[in-house]
There are 2 protein chains.
Amino acid sequence: MASTISTKRPSRRAGAASELSREAVVEHALELADREGLDAVGIRRIAADFQVTPMAMYWHVRNKDELLQAMGDALFENLEVPPSDGDWLDQIRAAVTAVVDALRRHPGAVELAFGRILTSPRGLQLTEQSLGALRGAGFTVREAADLARQALQTAVMLVSGRPGAELSTPEPERAAMTEAKHAALAALPVEEFPNLVACANALTDCEDERAYYGAGVDLYVAGVKELFARRRPERP
Amino acid sequence: MASTISTKRPSRRAGAASELSREAVVEHALELADREGLDAVGIRRIAADFQVTPMAMYWHVRNKDELLQAMGDALFENLEVPPSDGDWLDQIRAAVTAVVDALRRHPGAVELAFGRILTSPRGLQLTEQSLGALRGAGFTVREAADLARQALQTAVMLVSGRPGAELSTPEPERAAMTEAKHAALAALPVEEFPNLVACANALTDCEDERAYYGAGVDLYVAGVKELFARRRPERP
DNA sequence: ACCTGAACACCGTTCAAGT
DNA sequence: ACCTGAACACCGTTCAAGT
């Protein structure tokens, strides 16, 4: 009480960011989503983290929906668009891998990526490339469009569905949540569910992230390759 | 005012369901999610639809979270588990198709399926079968687990990501939303994005649902087949 | 067993006002 | 340009009380 030195804004709040600005808000919201789930992201909560009244937020962001959109767009800003040369199938693999790598940085916000791929500049660029590669290989417009969409969705799916991710549960309880799921599977009657019991661990823990994402991308690429091989040649 | 005949509960409310019960609530919530998006599903809203006070809901459901879980579980109740005979790859195709068909009935609630696959009886049964088929074919525990997970996620992804679905936007504006997305792509500079412009229609409208889901499942199955072919034989 | 009334803490958002 | 104060409509949820 007596010693009110210069303790004003000690270092803001637990894990809060620099000055209030649109970019800082979005960045903080992404980290918040990673730590405590997307449900924790709110106008009032973020304002509190910045030690500012809720209304101050509305200067930097039109409303909550726009904030969520901005978060989705931000995910694609660290998307590294690969060069568009070499084998078309390698281009496809590189494209999916690039999206996975971008989304992995903020797994808690990954579902926001869904609607924003075709509005963000880099997302557009990557999709354009992928469509070109697929059409160049001989796929029809319809096929190329569906395959490109599925490529991006595969990336989203791999990140959001990673074993042991538990995106919606806040950080502290996350490990317990995963453990509970594992226990539930392991406790199943072995006669009826021998495979689930045997795979209980593999289903709830991914162990090696690199291998997990690699295998996921491989499956998609292998599928595209196989479908390509089945195509009847255009002209003999 | 004068003629207060027996106009009590004319036919409840616009699209409301029979008597209040847990099943009726869940069923109504699923339809509501389909029509107006998952955000429209709430305790107070559903109570109003049943012409009942919000607190009445808590007799049939512990809280909102449990309601959402129940909705997820309900999705798997109309899952038709296919017979587990015949070629293992056909079993896998049948399994993915079965999940897609189940989820398609309530696209608005499809994201609730994510966490509930391995808690619902039929989801467990189908996963057990699929794991058995994959391991029987020679995949390791790790591989089988990842492939099975990806199978279910593929189903979720196909339904939730269908071109022209726009799950989060309420029914009335949905068509306009899809049209807006299409227009945005078609208006892109042709020199820079020739493929996006050419595929604008295919990317925003799926035209034939049967073909769309068929192609999506095909891609997954083709991938599994290709990965199987690459496996080094166990013993010569 | 099933539902209501009143109340609480918590949202997002608006509008006028401050500096 | 950037932020606050006060207020509004709307959530989910609890608890005691009704029938």
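## Two protein chains and a DNA strand

A base nitrogen of DNA strand C is 2.3 Å from an N or O atom in the side chain of A:Arg44. That is a good place to start a tour of this structure, which is a predicted model.

Let us stay with the DNA for a moment. Which elements give two or more residues to the surface near DNA strand C? They are helix H2 (43–49) of chain A and helix H3 (57–60) of chain B. In total, 14 residues surround the strand, and the closest are A:Arg44, A:Lys64, B:Thr53, B:Met55 and B:His60. Two of these residues from chain B reach phosphate oxygens of strand C: a polar side-chain atom of B:His60 lies 2.6 Å from one, and a polar side-chain atom of B:Thr53 lies 2.8 Å from one. Looking at the strand's own atoms within 4 Å of the protein, 53% belong to sugar or phosphate, and the rest belong to bases. Sorted by class, the surface near strand C holds eight nonpolar, four polar and two charged residues.

Now turn to the place where the two protein chains meet. Chain B brings 53 residues to the contact, and chain A brings 53 residues as well. About 4,400 Å² is buried between them, with carbon and sulfur atoms giving 63% of that area. B:Glu128, B:Met157 and B:Leu219 supply 15% of the area that chain B buries against chain A, more than any other three residues.

Polar links cross this interface too. There are 20 residue pairs in polar contact between chain B and chain A. On the side of chain B that touches chain A, at least two residues come from each of helix H6 (121–137), helix H7 (141–160), helix H8 (171–186), helix H9 (194–204) and helix H10 (209–230). By class, that side of chain B has 26 nonpolar, 12 polar and 15 charged residues.

Side chains of opposite charge can pair when their charged atoms come close. Over all chains, the count comes to 28 salt bridges, and four salt bridges are found across the interface of chain B and chain A. Here are some of them, with the distance from N to O.

| Residue pair | Distance (N to O) |
|---|---|
| A:Glu207 and B:Arg142 | 3.1 Å |
| B:Glu209 and B:Arg162 | 3.3 Å |
| B:Lys181 and B:Glu166 | 3.4 Å |
| B:Lys225 and A:Glu226 | 3.6 Å |

Why does the pair of A:Glu207 and B:Arg142 join two chains? A:Glu207 lies in the loop between helix H9 (194–204) and helix H10 (209–230) of chain A, while B:Arg142 lies in helix H7 of chain B, so the pair joins two chains. A:Glu207 counts as exposed because its relative accessibility is 55%, over the 50% cut-off. B:Arg142 is partly exposed, with a relative accessible area of 23%.

Other pairs stay within chain B. The salt bridge between B:Glu209 and B:Arg162 links distant parts of the chain, with B:Glu209 in helix H10 and B:Arg162 in the loop between H7 and H8, 47 residues apart. At 30% relative accessibility, B:Glu209 counts as partly exposed.

The side chains of B:Lys181 and B:Glu166 also meet in a salt bridge. B:Lys181 sits in helix H8 and B:Glu166 in the loop between H7 and H8, 15 residues apart. Is B:Glu166 buried or exposed? B:Glu166 is buried, because its relative accessible area of 15% is under 20%. Its partner B:Lys181 is partly exposed at 32% relative accessibility.

In chain A, salt bridges that share partners join A:Asp101, A:Arg104, A:Arg162 and A:Glu209 into one network.

Definitions and conventions
Residues are numbered from 1 along each chain as its sequence is written. Chains are lettered from A and ligands numbered from 1 in the order in which they are written. This is a predicted model: local features need pLDDT of at least 70, side-chain atom pairs count only at pLDDT 80 or more; totals for chains, interfaces and linings use all residues. Side-chain values use heavy atoms; hydrogens and water are left out. Contact means heavy atoms within 4.5 Å. Buried area is the accessible area (1.4 Å probe) that two parts lose on being put together, summed over both. A polar contact is a pair of N or O atoms within 3.5 Å; within protein, one must be able to donate a hydrogen and the other to accept it, and residues adjacent in sequence count only if both atoms are side-chain atoms. Helices (H or I, at least four residues) and strands (E, at least two) are DSSP runs, numbered from the N terminus. Ala, Val, Leu, Ile, Met, Phe, Trp, Tyr, Cys and Pro count as nonpolar, Asp, Glu, Lys and Arg as charged, and the others, Gly among them, as polar. Buried means under 20% relative accessible area, exposed over 50%, partly exposed in between (1.4 Å probe, protein chains only). A residue is near a molecule or strand if one of its heavy atoms lies within 4 Å of it.
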